[in-house]
Structure formats: structure tokens, C-alpha cells
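Reader: Hello! I am new to this structure and would love a close look at one part of it, with its surroundings explained as you go. Could you walk me through it slowly?

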Amino acid sequence: MTADASDAAEVRNALLRLRRGTGLPVAFGGLTEAGQQMRISELSGTATHALRSLLVTSGTGLGGKTVALSRPCVVTDYSASRQISHEYDAPVAVEGLRSVLAVPVVVRHRVRGVLYGALRTALPLGGRMLDAAVEAARDVERALVVRDEARTLVTGAGAGPGWEQVREAHAALRALAPRITDPELRAELLGACALLTAESTGPPRVRLAPREVDVLACVAEGATNAVAAERLGVTPETVKGYLRSAMRKLRARTRGEAVVAARRAGWLP
């Protein structure tokens, strides 16, 4: 997968969380590019631009070691450390960094990026700081997984033999969306779902509430009210209420008719 602006925004937001969670004054990071290289694209709390756009190769420096080993790495005094190679000493010295930690962002067993936190003094970076940095990286990993799935759905839509799988994925992502706390990410995910339907070509003639669409997506997969309720985190009675409302709007007499009408109206793939 190629990194885009939304992926970079996730890294940027994670760096802010990393600084808040650790108290470290400086954080920076970026995502991997082709091959085993990672470009530092996001800076937070830095005094210079010395690290911006720095290309880090796997195995070199602290970040490259993190990429190669796929695990967090820490040095107490960067320029004097014997645990890393020193290809990037110059920009690190310009920024005045001494103690540095690096945490990988790993998606499906592949390093997709690195988050760094740093001090301008040579002091040990404790376990609490490392735990907070790891949690920030996990946030990025979760966001990248959702975006990867959404991109796969969009590029795979209409592929013929896989259309039923697309419908299943559409229903699964509709059920996942309400549990995503980031409003921008949730809106992006729902937008990707809309690209799989006629909804993306213009406003549907029948207006359905988001939860009515969620219920119909489950029904289209053959889910019972109880199964739909479990997936959506509501009660079976709530599912029945949404389904009755959707059927009334779609002028459908049965669940099957409601699914067909929802597809014709552009709400389901």
C-alpha cells in the first residue's frame, strides 16, 4: 500500500499523543516507502527541519534498526551509542537530540512506519515512556488496517466473481464504523462504503438512516435479527424497529424485498 495524506495525518496525530503520553519534548516519524526505506515526514516539537524528509534505510541508525528488527529500540546517547550505526549523526546533532526511542508501526507482519520520541539530554527513557510510544504506534496500526480494507473494497468493487465477498465486507465495515471513535476516520470509512453503491453517483431517492442501512446490510447477508443485533451492538428489538422503519420507507413487505429495494435505491452494493 502506498502512503497518502490521510496516512501521514495519522502519524502526525500519533506524535502529538506520544508527546502527551510521555512528556518527551520532541517526536517525529514517517511511513515506509518502496523496499525497506522509511522517510521521516512528520515533526512535532522540533527546533529545526534537519530531520524532515530524511530517508532511513533498514538496518541503519536507530530507526533503521527498528525497521529491521520490527521491535522498539532505545539509545541513551545517540551520537555515542555502540548499539547503532551512525549514518544520520549530522541531522540528529543539528536538532540537538541525545536520548531517543523508536517504535515500529507493524501491519500484517510488515513494518509500515516508525515513531520516534526524544530528549535533548542524555537521560534514560523509562518503561512508561516506551509503553506510551508503543500505544501511539498501535493507534496508527489500527487506522492503517481500516484504511487498507477500505481501499481494497474500492479497488475490488465490480470484480465479478468477488462481488458477494464485497457485499460481505461492506456489511462488516458498516458494522465496524460506529465503534470507531475518530470522527474523521469513521466518515472516511463510510465514504468508502458509499463508493461501492449507487449512493456515490448521487443522492438516493429514498432516505434511510445510517442504522437502517446497517441493519439492511446484515439482513442482505442472511443474518437473523439476533445476529444483526450482536454485530451492531444493539438489542434484537432495536434491530426489528430499524428494519420495520426501513421496510416502510422502501415500501417492502418482506425482508428480501427490502434488500432488493435498498440495492435499487443505491444504499447497498
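Author: Happy to! Let us begin where helix 1 ends: the residue that follows helix 1 is G23, and its phi is positive, near 80 degrees. Please keep in mind that this is a predicted model, so every value here is computed from predicted positions.

Step back along the helix itself. Helix 1 covers residues 5-22, which makes 18 residues. At 1.5 Å a residue, a helix of this length should span 26 Å, and the C-alpha atoms at its ends are indeed 26 Å apart, so expectation and model agree.

Which residues of helix 1 are buried? The buried ones are S6, D7, A8, E10, V11, A14, L15, L18 and T22. A general rule helps in reading such a list: an α-helix has 3.6 residues a turn, so residues three or four places apart point the same way.

What does the helix lie against? To answer that, we need the sheet. It is an open sheet of five strands, in the order 3-1-7-6-5, and the pairing is antiparallel. Strand 3 (42-44) and strand 5 (73-75) are the edge strands, each of them pairing on one side only. Ignoring direction, neighbouring strands of this sheet are turned by 15 degrees against each other on average. Helix 1 packs on this sheet, where it touches strand 1, strand 3 and strand 7. The direction of helix 1 makes about 155 degrees with that of strand 1. Helix 2 (residues 61-69) also packs on the sheet, touching strand 5, strand 6 and strand 7, and its direction makes about 35 degrees with that of strand 6. Strand 7 is thus touched by helix 1 and by helix 2.

Now for the pairing inside the sheet. Strands of a sheet pair through backbone hydrogen bonds, either parallel or antiparallel. Strand 1 (residues 26-31) and strand 7 run antiparallel, joined by six bridges. One place to look is G29, whose bridge partner in strand 7 is L115.

Follow strand 7 back and you meet the loop that links strand 6 (100-107) to strand 7 (110-118), where R108 sits. R108 is not a glycine, yet its phi is positive, about 50 degrees. H109 belongs to the loop between strand 6 and strand 7 too, and its phi is also positive, near 70 degrees, again in a residue other than glycine. Is H109 buried or exposed? With a relative accessible area of 83%, H109 is exposed, because exposed means over 50%.

Ahead of strand 6 there is another loop to visit. S99 lies in the loop between helix 3 (89-95) and strand 6. Its relative accessible area is 0%, so S99 is buried. What does the side chain of S99 have around it? A polar atom of this side chain lies 3.1 Å from the backbone oxygen of T121, and the backbone oxygen of L123 lies 2.6 Å from a polar atom of the S99 side chain. Setting aside neighbours within four places in sequence, the contacts of S99 include V75, T76, G117, A118 and L119. S79 is 20 residues from S99 in sequence, and their C-alpha atoms are 9.4 Å apart in space.

You may also wonder about the cysteines. C73 has 6% relative accessibility and therefore counts as buried, while C218 is buried with a relative accessible area of 0%. How many disulfides does the structure hold? The number is zero.

A last stop is E212, in helix 7 (residues 210-220). E212 is buried, since its relative accessible area is 4%. The side chain of E212 makes a polar contact with the side chain of K249, at 3.1 Å. Apart from neighbours within four places in sequence, E212 is in contact with Y242, S245, A246 and K249.

Finally, here is the setting for everything above. The protein has 10 helices and seven strands. Of its 269 residues, 45% are buried. Among contacts with a separation of 6 or more, 59% are between residues 24 or more positions apart.

Conventions: Residues are numbered from 1 along each chain as its sequence is written. Side-chain values use heavy atoms; hydrogens and water are left out. Helices (H or I, at least four residues) and strands (E, at least two) are DSSP runs, numbered from the N terminus. Buried means under 20% relative accessible area, exposed over 50%, partly exposed in between (1.4 Å probe, protein chains only). A polar contact is a pair of N or O atoms within 3.5 Å; within protein, one must be able to donate a hydrogen and the other to accept it, and residues adjacent in sequence count only if both atoms are side-chain atoms. Contact means heavy atoms within 4.5 Å. The expected span of a helix is 1.5 Å times one less than its number of residues. Two strands pair if DSSP finds at least two bridges between them. Axes are lines fitted to C-alpha atoms, for helices over the stretch in contact, and angles run from 0 to 180 degrees between N-to-C directions. A disulfide is a pair of cysteine sulfur atoms within 2.5 Å.
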